[in-house]
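Biologist: Could you put the model up so we can go through it together? I have a handful of questions for you.

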Amino acid sequence: DTVIVLFTRDLRVRDHPALTAACARGGHVVPLFVLDPKVPAGRRAGFLTDCLADLRASLRARAGDLLVRRGDTVAETMRLAAEVGASEVYASADVSALARGRERRLAGERIGLRLFPGLTIVPPRELLPSGGGDHYRVFTPYWRAWAAHPRRPVLPAPSRVPLPPGLEHGLEHGLEHGLEHGLEPGDLPGHAPHPALRGGEPAARARLELWRREGLDGYADGHDDLAGDRTSRLSPYLRFGCLSPLEAACVAPVEHPFVRQLCWRDFFHQVTLAFPAICRRDYRPRPRRWRDDAEAVSAWKAGMTGIPIVDAGMRQLLAEGWMHNRARMIVADYLVNHLGVDWRVGAAHFFDLLLDGDVADNGGNWQWIAGTGNSPRPGRVLNPLRQARRFDPVSGYIHRYVPELSGLVPAEAREPWRIGGVRGYPAPLTALE
Ligand code: FAD
C-alpha cells in the first residue's frame, strides 16, 4: 500500500504532519516534488534548489528519497501514482488560488487526497469570528483568539520513510530521470544565484537557533532599526517551509512581539483562503485613480528615486532578494501614496524579487499600505524623511546601500538636495518636507 507525499512549500522533514502521517500508516511512502511552470521560481530558484537538495538528503538518511518531476503538478502526481500503484496523496493544505485549484483538481482524480496542517501555526478556519463569517477581517481580535488557542505539538522527523521496494536502489521505472534533471541549479527557470543565503532545513534550523540565542532579546526594541538589521531573517525559510512556523513560534512566549509577527503571517493566510484574489483585487475597494508613470516606476525599481531612504530599500531588495520590514513599508508607501502608482505594480515587483515572496503576506501587506486591506489606514501617508530620521538616525542603512552617499554626514545623506545634490545620484522625484 503506497502513499505519495506531495511536497510544495513545506520542504522539511521535522514537524511535517503529512509526512509523519504517511510514515505512520505502515505502508510505503513516495515523496514527490514537482517543478511546475505555473509556479515560476524566479529569483527564488537558487534557494529552492538548496531546499530540494537538503530535503532529498534528509529523506535518503531515512531510507527514503525525493522524486523531482517537471510539469503540471496534478498530471505528474497521477503519472507517478500509476507507476508506483499509489492509492492516496498526502499534502499540506494551502491557501492561494493556485494551490486551491491544484487541490480541487487532485480531489477530482481517481486517488484519495488527504490534506494536513503545517503551513501556518493555527490552520486557517480553525479560528472563526464569534460574530459569524468565514475569516477574521481585523487583526487584533484574531490575535487575541490566536494567542489563546491551543496548539498541536511539534512533531519529530520520522525515523524511516519506507520507499516501495522497486525504488529503493537505483530507482527503476525511469524515476531517476526526474531526479537527475530536476536539481541542477542552472537548469531551473529564471535562476539567479544568491550569494548570501542558503536554503534548506539545516540552514533554517541554524538560523533559528542563532536567532533564539542572540536576536530574540533585542527584537522588541530593535526590530525597526534599519541599520541594526535585528529581525530574524527567517522569512525565506518560512516561505519554503524549511522551518515549521509552529516550531519558530515555540522559541518565545506567545505575547513576545516576534510571535505576534508570526501571527500576522497566519492572519494573512486565513484572509487569503477566504479572499484568494488578495494579490489582484482590492479587499476593501477604495475608489482611487492611479497614475500611469512608467519612468517613476523604473526609477523606483532601480533605487534611483533620489529619496535616499527609499533607494536604500529598493537596492537592498535588488542586491539581497530581501528587504527590512520598515523599509518595505517606506518604499511601498512611497510608490502608492507619493507617486500615486497602483499597489499591484509594486506587489508584482516585490513578488518577483523577494526570496520570501508569498501571495498572502505580499498581497496582505501591500493592501494594508494602500488602505484597501483589512485594517484601512484612511489617508495615512508616511513621510520618508521623518521615517529616515527616526529609524535610520545615523544614516547607516543609507550609507550601506547607496554608496554614492557614503561620504556624507547623516543629515546630508538623508537629504542630499540640501547641499546641492551629489554627482551621479538623481534629484528627488517628488518634493518632500
Ligand atoms: P521578523 O521581524 O523576524 O518576523 C518573523 C516572521 O514573522 C517573518 O519571517 C514573517 O514570516 C512574519 N512576519 C513579520 N512581519 C510580517 C508582516 N507584516 N506580515 C506577515 N508576516 C510577517 N513577508 C513575507 O514573508 N513575504 C512577502 O512577500 C512579504 N511582502 C511584504 C510586502 C510589504 C509591502 C510589506 C510592508 C511587508 C511584507 N512582508 C512580507 C512582511 C515583512 O516585511 C517580512 O515578513 C519581514 O520583513 C521578514 O523579515 P524577518 O523574517 O526578519 O521578520
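What follows is a short back-and-forth about the domains, the ligand shell and a few helices.

Biologist: Before anything else, what kind of model is this, and how are residues numbered?

Modeller: Residues are numbered from 1 along each chain as its sequence is written. As for the kind, local features need pLDDT of at least 70 and side-chain atom pairs count only at pLDDT 80 or more, while totals for chains, interfaces and linings use all residues, since this is a predicted model.

Biologist: Which domains does the domain assignment give?

Modeller: The bounds come from an automatic or database domain assignment. Helices, by the way, are DSSP runs (H or I, at least four residues), strands likewise (E, at least two), numbered from the N terminus. The assignment gives domain 1 (1-119), domain 2 (120-152 + 201-274) and domain 3 (294-419).

Biologist: What does the UniProt annotation covering residues 1-121 say?

Modeller: That span is 39% helix and 25% strand, and its end C-alpha atoms lie 31 Å apart. UniProt positions are given in the numbering used here, with feature names shortened, and annotations may be inferred rather than shown by experiment. The record, an unreviewed entry, gives "domain: Photolyase/cryptochrome alpha/beta".

Biologist: How many residues of domain 3 are in contact with domain 1?

Modeller: The C-alpha centres of domain 1 and domain 3 lie 36 Å apart. Contact is taken as C-beta atoms, placed from the backbone, within 7 Å of each other. On that basis 6 residues of domain 1 are in contact with domain 3 residues, which number 7.

Biologist: Now the ligand: between which domains does it lie?

Modeller: A residue is near the ligand if its C-beta atom, placed from the backbone, lies within 6 Å of it. The shell holds 28 residues, and T231, S232, S235, N362 and N365 come nearest. Both of the domains in question give residues to that shell, so the ligand lies between domain 2 and domain 3.

Biologist: Which helix gives the largest share of the shell?

Modeller: Four elements give two or more residues each: α10 (235-240), α12 (257-274), α15 (325-338) and α17 (359-370). By class, the shell divides into 12 nonpolar, 9 polar and 7 charged residues; here Ala, Val, Leu, Ile, Met, Phe, Trp, Tyr, Cys and Pro count as nonpolar, Asp, Glu, Lys and Arg as charged, and the others, Gly among them, as polar. The largest share, 6 residues, comes from α12.

Biologist: What do the buried residues of α12 pack against?

Modeller: Buried here means 20 or more other C-beta atoms within 10 Å of a residue's own, exposed means 12 or fewer, and partly exposed is in between, with C-beta atoms placed from the backbone. The buried residues of α12 include F258, L262, F267 and H269. They pack against α5 (139-148), α9, α10, α11 (245-249) and α17.

Biologist: Over in the loop between α9 and α10, why does R233 count as partly exposed?

Modeller: Phi of R233 is near 55°, a positive value in a residue other than glycine. D229 is found in the loop between α9 (216-222) and α10 too, and its phi is also near 55°. R233 counts as partly exposed because of its C-beta neighbours inside 10 Å, of which there are 19.

Biologist: Which residues is Y219 in contact with, leaving aside neighbours within four places in sequence?

Modeller: Y219 sits in helix α9. Its C-alpha is separated by 7.6 Å from that of P257, 38 residues apart along the chain. The contacts of Y219 are R230, P257 and F258.

Biologist: How many of the 13 residues of α14 are buried?

Modeller: Helix α14 (residues 308-320) reaches 18 Å from its first C-alpha to its last, close to the 18 Å expected; the expected span is 1.5 Å times one less than the number of residues. Its buried residues pack against elements including α13 (294-302), α15 and α16 (343-353). The helix is mostly covered, and the number buried is 10.

Biologist: And which residue just after α15 takes a positive phi?

Modeller: With 11 of its 14 residues buried, α15 is largely enclosed by the rest of the structure. What covers those buried residues includes α13, α14, α16, α17 and α18. Just after the helix, with a phi of about 70°, comes G340.

Technical notes
Contact = placed C-beta atoms within 7 Å.
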